[in-house]
Amino acid sequence: MSDTVQLEVLAAGAYASVQDGGRRGYRRIGVPWAGVLDSRLMRIANSLVGNVDAAPVIECFDGGLQLAARGGAVRVAVAGDATLEIERGGERGPLPAWRSVTLADGDVLRLRKLGAGRIAMVAVEGLTLPAVLGSAATYARAGLGGLGGSLSGRALAGGMRLPAAAASASPERVLPVPPAADAGPIRIVPGPQADHFTEAALALFVAAEYRVTAEADRMGVRLEGPPLEHAGAREIVSDATVQGAIQVPGNGQPIVLLADAQTAGGYPKVATVISADLGRLAACRPGQAVRFAVVGAAEGERLARAAEAETRALQASVRPLLGEGVDLAALYACNLVSGVVHALSAEYRPLPGVEDASGGPSPGISS
Amino acid sequence: MSLRLLDAGDAAFTIEFGNAIDPQLLAAVNALDAAIARLQAEGGLPGVIETMPTFRSLTVFFDPLLTGREALIAALQPLFAAAEGGAALAGRRWRLPVCYEGECAPDLADTARAIGAGEDEVVALHSGTEYRVYMLGFLPGFPFMGDLPERLRLPRRAEPRVRVPAGSVAIATGLTAIYPWESPGGWHLLGRCPVPLFDAGRASPSLLAAGDRVCFEPVSMAEFQRLTAALQAGEIDPQQWLEGGQ
């Protein structure tokens, strides 16, 4: 199949995996939704390459991801505050994020580092992967999704190849105004077990500052800060967990559950992060401080609708890159030739403490 | 039963029937789950993504762009009262092989010591009881099964293991379970079951379903190894351990 167009992973960086809108309908048999940690980034990236909203993308952490087109041209786009570099014919040059670009056969795209937020999404035009239980999302623990076959459920690693469509002739696209970083508090709805904590505990949780620990991955984010005092039993009869649930084990240090988290757990859950703010929390780096603010469930629903409207407006603002008076592609080619970029050569550093984002004891395991 | 509605963020809520592991609560949960499924099949409850029944509660996951908590609770209200009189699920009956020997049973000796019994006695107690699958969760296909004989009830291990091998048959508090996947875990490992509990390629990926009943049949290490190999080679259909062999 030498005529097959592929995107080769040269390096996966800190952690990269195939994700999509996630797997629905199987929580009752213990299968989490998985899927991207920030669906807005996925949807924008897919819009930039003309894919449907929830098509599979490469979700990556912290930089270091390197991709190369093989066997033909591949169109890709990166959503996220990423510093990118493209290598073409031995010349390296910078490339802005939030646009699509056609990689010619042999071109290499490098995701050098991320600014605000540690997550970026790479969409690939025409990327099709087998759906398992309705989704291509990688869920490593049960070997589901991803590239399929013998690589089912595996995180991306150097040498793996993703099947792509030959890049279309349509113009490349750009998101003219990327979403602004939101430094506001992470909003939470108290419950389902807020009554397992003292009233002072919830007040403390929103008054104090918590730090994201090094144990932050696709399953959850462990926080460090003033311990939350249980009012009664430190364990409950296991019940369902949801994404965003903030469970508090006996030591009082909260753990926010994310896409790959276990579907049931025996620790009381003091509150739940609203869906509109979950991507922002997942993108916090180890050491970063976070603050929380309480909203009601109804307000959370309103914020979900507001966030959706913003995402749709962003997607609607995606425009063809050419034909706007300035030929960005030509400008960009000039940059390539001038070869400005090599200064940063401390290559693709994985951030200290996050190389093993996928391994080790996972937060929140309680059974 | 004291029914409570609990917020679980902006896209889910939990209907809680009680606070214990109790077959009557389970029956209510399953009756509500079945009633919701019927309503959904009739096109009711648009915006509901899925439900998750557990020991004592049912969580409704919904899309806040399509519906809302208030509207759903109003639509579900008529189902609550009926659920409380629900009957237990009939369930299928399984007889699953377990090796209680050697490296398959790293906590057998400690468990025996903790309850002041012999290892044989622990095996006899554990394999001499029929368990009900209360719920599936935590990991794909992971069955929470009850109820353990009183004598076998121990708190979880003080030091959870970083790696519990797949197939481990474990106990904690009043429950027993089989780990379908290698994972961290804090339960006491009494044996190992060779039968895969989850296969995404099956029409019904989880071997066990809530409401099923399970007995354990002790097998030797040699038989465990033979079964493991035969199952991996696809020579045995796991359905053979279903009573009545359908």
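Buried means under 20% relative accessible area, exposed over 50%, and partly exposed in between, computed with a 1.4 Å probe on protein chains only. The model is predicted, so that local features need pLDDT of at least 70 and side-chain atom pairs count only at pLDDT 80 or more, while totals for chains, interfaces and linings use all residues. Residues are numbered from 1 along each chain as its sequence is written, chains are lettered from A and ligands numbered from 1 in the order in which they are written, and side-chain values use heavy atoms, with hydrogens and water left out.

**Exercise 1. Decide whether Arg312(A) is buried or exposed, and find the element in which Arg312(A) lies.**

Step 1. Arg312(A) belongs to helix 4 of chain A, where helices (H or I, at least four residues) and strands (E, at least two) are DSSP runs numbered from the N terminus.

Step 2. Arg312(A) has a relative accessibility of 53% and therefore counts as exposed.

Step 3. Arg43(A) is 269 residues away from Arg312(A) in sequence, yet the two are 9.0 Å apart in space, C-alpha to C-alpha.

**Exercise 2. Work out how many residues of helix 1 of chain A are buried, and what covers them.**

Step 1. Helix 1 of chain A spans residues 39–49, and 10 of its 11 residues are buried; among them are Arg43(A), Ile44(A) and Leu48(A).

Step 2. The cover over these buried residues includes strand 3 (57–61), strand 5 (74–79) and helix 4 (297–316) of chain A, with contact meaning heavy atoms within 4.5 Å.

**Exercise 3. Describe the open sheet of chain B, and explain why strand 1 and strand 3 have one side without a neighbour in the sheet.**

Step 1. In general, strands of a sheet pair through backbone hydrogen bonds, either parallel or antiparallel.

Step 2. The open sheet in chain B has four strands in the order 1-2-4-3, with antiparallel pairing, and two strands count as paired if DSSP finds at least two bridges between them.

Step 3. Strand 1 (4–7) and strand 3 (48–53) of chain B stand at the edges and have a single partner strand each, so one side of each is left without a neighbour in the sheet.

Step 4. Strand 1 of chain B is joined to strand 2 (residues 12–16) of chain B over four bridges, and Leu5(B) has Ile15(B) as its bridge partner in strand 2.

**Exercise 4. Find how much area chain A and chain B bury between them, and how many salt bridges are counted between the two chains.**

Step 1. The contact draws 51 residues from chain B and 46 residues from chain A.

Step 2. Between them the chains bury about 3,900 Å², with 62% of it on carbon and sulfur atoms; buried area is the accessible area (1.4 Å probe) that two parts lose on being put together, summed over both.

Step 3. On the side of chain B, Asp10(B), Glu50(B) and Phe138(B) lose the most area to chain A, together 17% of what that side buries.

Step 4. Four salt bridges are counted between the chains, each being a side-chain nitrogen of Lys or Arg within 4 Å of a carboxyl oxygen of Asp or Glu. One salt bridge is formed by the side chains of Arg156(B) and Glu235(A), at 3.9 Å from N to O.
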